[in-house]
Amino acid sequence: METDWKARAQTLTDELNEVARRGRETEQVLRQAISRLCVAVTGLDPSLDSRLNQLRDAARRGGDLAAVETELTRLADAVLHGGEARPVELMHRLLGRLKLPAAQLRRARELWNEATTGSGGAKIDALAELLSAGTPVEPAAAALGETANQRLLSMLSQTQWPDAIAEEIEGFRERLAGDAPADAWLGVVEELTALVAKTVSESHEQIRAAEEFLADLTDRLRELDAHMQRGSALRDESLAGGRELDRVVRGQVRDIEVTVQEATELDQLRADIGRHLSVIETRMAEHLASEEARHREAGETERALRERLGQVEQEADKLRQEIALVQERALVDAVTELPNRAAWDDRLRLEHARWRRFGAPLSLAVFDVDNFKSINDRFGHAAGDKALRIIASALRSRLRQTDFIARYGGEEFAVLLIGASKAGAFKVAEEMRLAVSRAGLHTRTRPVEVTISCGISEFQGDDSAEAVFERADAALYEAKRGGKNCCVTR
């Protein structure tokens, strides 16, 4: 029992240490990301530079995360509340870049000040008419915004983000890419700051909870160990008491033998034997009383030990369930509720190993939503998420129980078709493609056409998983170039 208990305790301790280790790794990644983010956006808004420098210093120092959380909160407040004065400042900078006569420039500033103090839409109309006489903003202003978007996009792409926020980071990258508005970086920085602050706080809380549980577990283990040591001491005392009783009894028996041999009178012999027997009887009674006391104490110790062990086992089971839930959530995409990229990587390694061992057919398909960016741009990211959920449901409904589908990233889905040749996989993929086109998306009471393209490849020869995925990905791009809404095999 003692060995089993210690083994279970050690297993639980190892699991908690692993949770703490992962938490520390996540903390380090976030610290690096915060530092790089600060470097990337420094200079884009001078009013935030001092906060960014303080945040970068707090992230680089290490130690307690409380300082980082404090600086993140202050930066978020500066981004959110500092914006009250920023429209005025930006408008005056804009007016300064317009080639207006001095009188018109003064009048424009007056109209802007009156409009912002609640004088009505007439002032805005008058300002717009006045500004129509000026020349456009200097190209440097637009170039600055474009450079800011590019700088932030580069930082987001180069940084290794935790899996838990990878989806949000991908959304930020999409908002900054292509023909994004010049000031898109402002909203991204605001939301990214809040996201990092939340993630750091959650990571800190997980580490703190794990450390508290480990400390409590250590205290309980020490208490259990004390109970076990007391039980061992009682056994030693019992053994020592038995040996002492044996020594006394043997001594008294030898004395009786000597007395019998040397006795000359019967009365004296009786008296001597009675005295020796009385000593034996007394020591026997004392030993039995000690044994009964030790037995009661041992029983109480064992009962307390069982109660404590039961409590530890209950808490260990609860913790295992929580860890299992966290691990399960870590492998599920929050938007589509499909397995995520991490789950895909694990399953791909498993199925590739099975294919190499047994040689049963195995195919891989990669789907990509056609023109997904236009859905986000026209209807917003909420509509984009809704479209992803509808697509995921349609794709999953056409799969067999043995197949596996995951959201690979962004608007891309990956599928493993177990036991399917290239021809069989193409048939299933076509059914999935048609299911998506028929699913139908309505946003703002208007129907939105949603289609997907697919690339398919079968495992053959000495294929690595990466090689098969690359072929399927190449087939996908061929489908895109061929007009989209189709499946191509390679």
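A residue counts as buried under 20% relative accessible area and as exposed over 50%, with partly exposed in between. That yardstick runs through what follows, and the model it is applied to is a predicted one. Take asparagine 371: its relative accessible area is 46%, so this residue falls in the partly exposed class. Asparagine 371 sits in the loop between E1 and helix H12 (372-379), and its phi is positive, at about 55°, although the residue is not a glycine. A second asparagine shows a positive phi as well: asparagine 485, again no glycine, has a phi near 55°. Asparagine 485 belongs to the loop between H15 and E7 and, at a relative accessible area of 29%, is partly exposed.

Now for the overall picture. The protein chain contains 15 helices and 7 strands. Of its 490 residues, 37% count as buried. The chain exposes about 27,700 Å², and carbon and sulfur atoms supply 51% of that area. As for how the chain contacts itself, take the contacts with a separation of 6 or more: residues 24 or more positions apart account for 70% of them.

Next comes the sheet. Strands of a sheet pair through backbone hydrogen bonds, in either the parallel or the antiparallel sense. Here, 5 strands form an open sheet with mixed pairing, in the order E2-E3-E1-E6-E7. Strand E2 (404-409) and strand E7 (487-489) stand at the edges with a single partner strand each, so one side of each has no neighbour in the sheet. On average, neighbouring strands of this sheet are turned by 20° against each other, direction ignored. Helix H13 (residues 381-397) lies across E1, E2, strand E3 (412-418) and E6, and runs at about 10° to E3.

Both pairing senses show up around E6. With strand E1 (residues 362-369), strand E6 (residues 452-458) pairs in the antiparallel sense over 7 bridges. Valine 369 has isoleucine 452 of E6 as its bridge partner, while serine 363 is matched with glutamate 458 of E6. With E7, on the other hand, E6 pairs in the parallel sense over 3 bridges. In that pairing, cysteine 454 stands opposite cysteine 487 in E7.

How well covered is E6? Of its 7 residues, 7 are buried. In a regular strand the side chains alternate between the two faces of the sheet. For E6, Ile452, Cys454, Ile456 and Glu458 lie on one side, Ser453, Gly455 and Ser457 on the other, and both faces are covered, with all of these residues buried.

One of the residues touching E6 is lysine 480, whose contacts include Ser453. Lysine 480 has its place in helix H15 and, with a relative accessible area of 18%, is buried. Leaving aside residues up to four places away in sequence, lysine 480 also touches Asp368, Val369 and Asp370.

Then there are the cysteines. A disulfide is a covalent bond between the sulfur atoms of two cysteines, and the structure holds 0 of them. Cysteine 486 is in no disulfide: the nearest cysteine sulfur belongs to cysteine 487 and is 6.9 Å away. Cysteine 487 is in no disulfide either, and for this residue the nearest cysteine sulfur is that of cysteine 454, 4.2 Å away. A disulfide would need the two sulfur atoms within 2.5 Å. As for accessibility, cysteine 486 is partly exposed, with a relative accessible area of 22%, whereas cysteine 487, at 10%, counts as buried.

Last, the aromatic rings. A pair of such rings is described by the distance of the centres and the angle of the planes. The structure holds 3 aromatic pairs. One of them joins tryptophan 355 and phenylalanine 459, with ring centres 5.4 Å apart and planes at 55°, so the pair is tilted. Tryptophan 355 lies in helix H11 (residues 341-358) and phenylalanine 459 in the loop between E6 and helix H15 (465-481), so the pair ties together parts that are 104 residues apart in sequence. Tryptophan 355 and phenylalanine 459 are both buried.

Notes. Residues numbered from 1 in each chain as written. Predicted model: local features only at pLDDT ≥ 70, side-chain atom pairs only at ≥ 80, totals over all residues. Heavy atoms only, no water. Pairing = 2+ DSSP bridges. Helix = DSSP H or I, 4+ residues; strand = E, 2+ residues; numbered from the N terminus. Axes fitted to C-alpha atoms, helices over the stretch in contact; angles between N-to-C directions. Contact = heavy atoms within 4.5 Å. Buried < 20%, exposed > 50% of the residue type's maximum accessible area, 1.4 Å probe, protein only. Areas by Shrake-Rupley, 256 points an atom, 1.4 Å probe, with all protein chains shown as cover. Phe/Tyr/Trp six-rings, centres within 6.5 Å; stacked < 30°, edge-to-face > 60°.
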